[in-house]
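Student: Before we look at this one together, could you walk me through how the labels get assigned? I'd like to see the reasoning and not just the words.

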Amino acid sequence: MTKPLQVMKFGGTSVGDATCIARAAQIVSSAAEGMRVVVVVSAMSGVTNRLIDAAKRASDGDVEASATLVESLRQQHRAALAVLVSEEASRLSVEHKLEEILAEGKRLYDGTAMLRELTPRALDIISSLGERLCAPMFAAALRQIGTLSHSVEATQLIVTDSYHGGAEPRADETRQRSSSHLLPLLAAGEVPIVTGFIGASQDGKLTTLGRGGSDYSATILGAALNADEIIIWTDVEGVLTADPRLVPEARTIPEISYREAAELAYFGAKVLHPKTLRPVLPESIPVWIRNSFAPEKLGTKITQKGKSIGGGVKALTAIRDVALISLGGPGIVGVPDVIGRTFTTTAELRADVLLISQSSSQNDICFLVSKPHAHVTVDALRKEFAQDLAHEVVDHITVDPNVAIVAVVGENMRGTPGVAGKTFNALGREKVNLIAIAQGSSETNISFVVDEKSMQHALRVLHREFGLGQSPAS
Ligand code: ADP
Ligand code: ASP
Ligand code: MG
């Protein structure tokens, strides 16, 4: 009988230095005693940000920043490797691999600086270097403690479309490639260490799945291999009732449904990439969120049904990096298809629309997109509605970047009267001004827009109001 299969992902802080990698390797090697294990790793914490920052500088002609970065990455990874791997031949072979990857990075940075142009494709390759440096080191750390292991580049496994910076996987080809590459390794008793965050288009060009995308890599591979479960190891004890950095009294939720977790992720709970749960829905593969710094704790289990709680509200979340776009004017009632044209425009830009609110007279439509998409969206809308603006049918298309969305999430809110009343009463009492409000017909979340400065206050008020820090959050 084949052993059960687990896909485990370790995030940036969980592989942040040699001590963390050693701890993670220990978790993997214990699991590998009774199971087949595939590991997905992120870059060491902070590395992707630094890679991207240096790429932007290179495109402004600054070669120094990237040269300094490459050297500092060399030191950082070699230092960790020296602690993790005592066997010289093994260490030298990983060092050789690291040098190849760093040389590739250097060539890309130099090319970018020379052309003063950073193409989306080059940015993807540069962003991928952190994962590609980490995986061989992790595999060597496992070999050091007696577990058979090799690193595998996800470009061999995850086939995507060619949308750089946020590529979408192609399930059938990914299933076929992942099975044919990984199953023989697993059958031979190996633990493959796969680079998170990346894939490749059908013609072999490296793509990335979007920032924080290693969570998504884990579930893409889990679904492709029909894994029995997926564990996302991070730096907190599971999915909490709110972001603990903003609400210190937040508690771990022992079990939560796919839908609730997806709502939280969509509205900014960084603990999960927004698309993470998509691949596992058809087969209902359970996903665990656990703390690699406290592996004895169970964390959160994400399942089809979750576990219901009476009160309805399960967690809160907030997203800060957004902008509010408004389009309106007294004349827009008479303009055909304003809504259709607005959202065709955002779709063409692949701008994620996070919340929409419209007054019944159609005098004003407002919606939120992520901040990096705000200005391109407004420019495109001004083009689309140029005629209407010229004839003053549409009198404004504006953008406000100083806002945040707060969302109240829980499947049992459906059919529970009074949640909205309680939410808005508490906010009114605490003088939090609401800019826009939306509740989907699924009734699993109520979301609203506030001034960025009021976001944390709103979260704390509601966390207290719904007793999320006290009652068992199960
Ligand atoms: P990793 O590097 O492991 O992928 P991330 O930093 O991407 O980790 O995500 C984990 C972080 O998500 C936590 O440290 C926490 O601050 C933040 N977070 C935001 N909302 C939540 C939530 N509801 N539950 C748990 N963590 C949350
Ligand atoms: N290293 C990538 C990032 O920082 C992917 C990830 O951490 O999930 O976005
Ligand atoms: Mg993450």
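**Labels and the numbers behind them**

Student: Why does Arg116 count as exposed?

Tutor: Its relative accessibility is 55%, and exposed means over 50%, buried under 20%, and partly exposed in between (1.4 Å probe, protein chains only). Arg116 is past the upper cut-off, so exposed is the right word. Ground rules: this is a predicted model, where local features need pLDDT of at least 70 and side-chain atom pairs count only at pLDDT 80 or more, while totals for chains, interfaces and linings use all residues. Residues are numbered from 1 along each chain as its sequence is written, chains are lettered from A and ligands numbered from 1 in the order written, and side-chain values use heavy atoms, leaving out hydrogens and water.

Student: Where does Arg116 lie, and what is its phi?

Tutor: Arg116 lies in the loop between H4 and H5. Its phi is positive, about 55°, although the residue is not a glycine. The H and S names are DSSP runs numbered from the N terminus: helices are H or I with at least four residues, strands are E with at least two.

Student: What makes Lys431 exposed?

Tutor: Its relative accessible area is 75%, so Lys431 earns the label exposed. Lys431 also has a positive phi, about 60°, without being a glycine, and is found in the loop between helix H12 (419-429) and strand S16 (434-439).

**Helix H5**

Student: How do you know that the span of H5 agrees with its number of residues?

Tutor: The expected span is 1.5 Å times one less than the number of residues. For the 25 residues of H5 (residues 120-144) that should be 36 Å, and the end C-alpha atoms are 38 Å apart, which agrees.

Student: Where does H5 bend?

Tutor: At Leu129, by about 35°. That is the angle between axes fitted to the seven residues ending there and the seven starting there. Just after H5, Gly146 takes a positive phi of about 90°.

Student: Why is H5 described as largely enclosed by the rest of the structure?

Tutor: Of its 25 residues, 20 are buried, so the description follows.

**Salt bridges**

Student: What makes Lys9 and Asp215 a salt bridge?

Tutor: The term needs a side-chain nitrogen of Lys or Arg within 4 Å of a carboxyl oxygen of Asp or Glu. The closest N and O atoms of Lys9 and Asp215 are 2.6 Å apart, so the pair qualifies. Lys9 lies in strand S1 (residues 5-10) and Asp215 in helix H7 (residues 214-224), so the bridge ties together parts 206 residues apart in sequence. Both residues are buried. The structure holds 22 salt bridges.

Student: Why do Arg78 and Glu95 get different burial labels?

Tutor: Arg78 is at 33% relative accessibility, so it counts as partly exposed, whereas Glu95 is at 15% and so is buried. Their side chains meet in a salt bridge at 3.9 Å, N to O. This pair links helix H3 (residues 63-84), which holds Arg78, with helix H4 (residues 88-115), which holds Glu95, 17 residues apart. Arg78 and Glu95 are also part of a salt-bridge network with Glu71, Arg74 and Glu99.

Student: How far apart are the closest N and O atoms of Arg341 and Glu384?

Tutor: They are 2.7 Å apart, and the pair forms a salt bridge. It connects Arg341 in helix H9 (residues 338-348) with Glu384 in helix H10 (residues 371-384), 43 residues apart. Glu384 is at 34% relative accessibility, so it counts as partly exposed.

**The ligands**

Student: What makes Gly212 a polar contact of ligand 2?

Tutor: A polar contact is a pair of N or O atoms within 3.5 Å; within protein, one must be able to donate a hydrogen and the other to accept it, and residues adjacent in sequence count only if both atoms are side-chain atoms. A backbone N or O atom of Gly212 lies 2.7 Å from an oxygen atom of ligand 2, so it passes. A polar side-chain atom of Ser42 lies 3.4 Å from an oxygen of ligand 2.

Student: And which backbone atom lies 2.8 Å from a nitrogen atom of ligand 1?

Tutor: A backbone N or O atom of Leu240. A polar side-chain atom of Lys270 lies 2.9 Å from an oxygen atom of ligand 1.
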